[in-house]
Amino acid sequence: MARAGATPNRSTLNTPRRRRVDTARRDELLARIEDIFLAEGFTSVSVDDLTQRLRCSKATLYSVASTKEQLVIAATKHFFGAAAQQIEDAVAGEPDSRNRITLYLGGVAAAMRRNSRAFYDDMVSYQPTAEIYARNTAQAARRVQELIDEGVRAGHFRATDGRFAAELVALAIDAVQSGVLLEKTGLSAADAFAELGDLLLHGLLRQD
């Protein structure tokens, strides 16, 4: 405790006051912040906007994260983490390696349908979120390679360079996310990934 008359620490002055909020309330706020950012991007949404739309005080908002930048990072991490878990849960319940790839790519497409072009542009322009996106895209490529290798071991797929196919998927994810591939083909994200899955499977199935 500072003694009477002592000069307040500068970091104390610059730190927003927080309010204790229970875990369920924090999770609810984070989910709603995530929805707003995914739909509209985050550079155009201020903290004041969030407090008005969420009908909470700044102190309550800062119980989720201490600054707007940290709110953006927390929401972005939560989105990718929750999407990855949901996709893996679906894949885990499917024993056939051919269907596992289709499920995985379909899950990616479903997650990306939540992302607006505004969010993508903001995400790739802001270094912390761009790094989160890059890590998750790389993880998706590694996961596709694992699924391909599983299919080869199961005898469903011919031996091939799984890394090439995985990197192709990573490029497709970015092209769909940015809107470039959708603009050129006229496909939706779901349709684009269905086509990608079809291409992968027909190129990988063994010809007996």
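Helices (H or I, at least four residues) and strands (E, at least two) are DSSP runs, numbered from the N terminus. Read in that way, the chain of this predicted model follows the pattern α-α-α-α-α-α-α-α-α-α-α. That is 11 helices and zero strands. The chain has 208 residues, of which 40% count as buried. Among contacts between residues at least 6 apart in sequence, 69% join residues at least 24 apart.

**Helix α5 and its surroundings**

- Helix α5 covers residues 68-92. Its 25 residues should span 36 Å at 1.5 Å a residue, and the end C-alpha atoms are indeed 36 Å apart, so expectation and model agree.
- Buried positions in α5 are K68, L71, V72, I73, A75, T76, F79, F80, A83, I87 and V91.
- The cover over these buried residues includes helix α2, together with α3 (47-54), α4 (58-61), α6 (97-112), α7 (117-125) and α8 (127-154).
- T76 belongs to α5 and counts as buried because its relative accessibility is 2%, where buried means under 20%.
- Apart from neighbours within four places in sequence, T76 is in contact with F119, T129 and I132. Of these partners, T129 and I132 are themselves among the buried residues of α8.
- A90 is also found in α5. With a relative accessibility of 37%, A90 counts as partly exposed.
- A90 and G107 are 17 residues apart along the chain, and their C-alpha atoms are separated by 8.2 Å.

**Packing of α2 against α5**

- Two packed helices are described by the angle between their axes and the distance between the axes.
- For α2 (residues 23-40) and α5, the axes come within 9 Å and cross at roughly 90°. The two helices are therefore roughly perpendicular to each other, a term that takes in angles of 65 to 115 degrees.
- On the α2 side, the contact is made by L30, I33, E34, F37 and L38. On the α5 side, their counterparts are L71, V72, A74, A75, H78 and F79.
- By class, the residues of this contact are nine nonpolar, one polar and one charged.
- Several of the α5 residues in the contact are also buried, including L71, V72, A75 and F79.

**Aromatic rings**

- A pair of aromatic rings is described by the distance of the centres and the angle of the planes.
- Six aromatic pairs are counted, with ring centres required to lie within 6.5 Å.
- In the pair F37 and F42, the ring centres are 6.0 Å apart and the planes stand at 70°, so the pair is edge-to-face. Both F37 and F42 are buried.
- F37, F42, F119 and Y126 are linked by ring pairs into a cluster. Within this cluster, F37 takes part in the contact of α2 with α5, and F119 is one of the contacts of T76.

**Helix α8**

- The 28 residues of α8 should span 40 Å at 1.5 Å a residue; the end C-alpha atoms lie 40 Å apart, which agrees.
- T129, I132, Y133, T137, A140, A141, R143, V144, L147, I148 and G151 are the buried residues of α8.
- Just after α8 comes G155, with a positive phi of about 85°.

**Helix α9 and A165**

- Helix α9 (residues 162-178) has 17 residues and reaches 24 Å from its first C-alpha to its last, close to the 24 Å expected.
- Its buried residues are G162, A165, A166, V169, A170, A172, I173, V176, Q177 and S178.
- A165 has 9% relative accessibility and so counts as buried.
- Leaving aside neighbours within four places in sequence, A165 is in contact with I148 and L200. I148 is a buried residue of α8.
- The C-alpha atoms of A165 and I148 are separated by 8.5 Å, with the two residues 17 apart along the chain.
- G179 follows α9 and has a positive phi, near 95°.

**The loop between α3 and α4**

- R55 lies in the loop between α3 and α4.
- R55 is not a glycine, yet its phi is positive, about 55°.
- At 77% relative accessibility, R55 counts as exposed.

How values were computed:
Residues numbered from 1 in each chain as written. Predicted model: local features only at pLDDT ≥ 70, side-chain atom pairs only at ≥ 80, totals over all residues. Heavy atoms only, no water. Axes fitted to C-alpha atoms, helices over the stretch in contact; angles between N-to-C directions. Parallel < 35°, antiparallel > 145°, perpendicular 65-115°, else oblique. Contact = heavy atoms within 4.5 Å. Nonpolar A, V, L, I, M, F, W, Y, C, P; charged D, E, K, R; others polar. Expected span 1.5 Å × (residues − 1). Buried < 20%, exposed > 50% of the residue type's maximum accessible area, 1.4 Å probe, protein only. Phe/Tyr/Trp six-rings, centres within 6.5 Å; stacked < 30°, edge-to-face > 60°.
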